[in-house]
Amino acid sequence: MLDPSRRYDLIGDVHGCAHTLEHLLDTLGYRRQGGVWRHPQRQAVFLGDIIDRGPRIREALHIVHDMVEAGEAWCIMGNHEFNALGWVTPALPGSGKAHVREHTPRHLRLIEATLDQVAQHPKDWQDFLGWFYQLPLFVDAGRFRLVHACWDSTLIGPLRQAFPDGRVDQHFVQASSVPNSFAANVFDRLLRGTDMRLPDGMAITGGDGLTRAFFRTKFWEDDPQTYGDVVFQPDALPDAVARTPLSAREKQSLLRYGADEPLLFVGHYWRSGRPAPIRPNLACLDYSAVLYGKLVAYRLDDEQVLDPRKFVWVDVTRPEHRP
Ligand SMILES: [Mn+2]
């Protein structure tokens, strides 16, 4: 797996922004040689979510896949790659579903751009789906760790007993069709993060137009007191909710990734503003490239503490036009 003594450029959610990705790789000193982006000294590491939403999904997949196959990059699984696997995988008999990821209008809306763009290239899409099984759910390189959304050692411990390199198989994806199974909990927690139900049956409609009864929470806060202390998403909570105290039970259910644990990199959270560490050992590299934000990288050398000067990004000032 990853060599902790090497130097890596960690890259957040691409979501089909292939031109922006090329711009970022170029900025980082990578050059396309023999059809593959390469750097003379460094390797790229993608934090998942290469597909969905953006205008050049197939191109983005080719860039990342070809780099990984050539030994120039690594890539872990994002919730969108898992969704794609679930979309094509029959659910376990008796689960009451036809597919692991049910073909609802809401789910279709999220995967639609990908299905449209690969429609004329079914062989490519089959190959990419096969490749998604090669993407680990987590990487523990000792000095640093990678996961798409949330490092939960209570799940990663048993998961690595079954899948030491973090790569799961079709049985495990199928097993996740049963709610609250170990497999379902692993995918939910590692690829989607922690969340909390809004009080009193409340729901909020996010910037992406989807309505949710849950909000995404931090998994590292040491002593949070209110909902506002733990919210971690672009859509603000209503003031009254933000001021609501957390119950003892809610506090106990929160995860705490310790300040003394190895460096941890995640994507997933649609951050905005100037890229910076969340804490000295924790960085999120998803700055909503596909929503006119930034495609962000962190240049990791041998530091023990994250350096705010080592974030590199490309601003997306206008949408990539569909080809
Ligand atoms: Mn994402």
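Which are the buried residues of helix 6 (residues 153-162)? In this predicted model, local features require pLDDT of at least 70 and side-chain atom pairs count only at pLDDT 80 or more, whereas totals for chains, interfaces and linings use all residues. Residues are numbered from 1 along each chain as its sequence is written, and side-chain values use heavy atoms, with hydrogens and water left out.

In helix 6, one of the DSSP runs numbered from the N terminus (helices being H or I, at least four residues, and strands E, at least two), the buried residues are Leu155, Ile156 and Leu159, where buried means under 20% relative accessible area and exposed over 50%, with a 1.4 Å probe and protein chains only. They cover an arc of only 95° around the axis, taken from the directions to the C-beta atoms, and therefore lie on the same side of helix 6. Thr154 and Gln161, on the other side of this helix, are exposed.

The manganese ion has as protein donors (N, O and S atoms within 2.8 Å of the metal, or 3.2 Å for Na, K and Ca) Asp13 (OD), His15 (NE2) and Asp49 (OD), at 2.1 to 2.4 Å. Because His15 lies in the loop between strand 1 (8-11) and helix 1 (18-27), and Asp49 in the loop between strand 4 (43-46) and helix 2 (57-69), the pair ties together parts that are 34 residues apart in sequence. His15 counts as buried at 4% relative accessibility, as does Asp49 at 2%.
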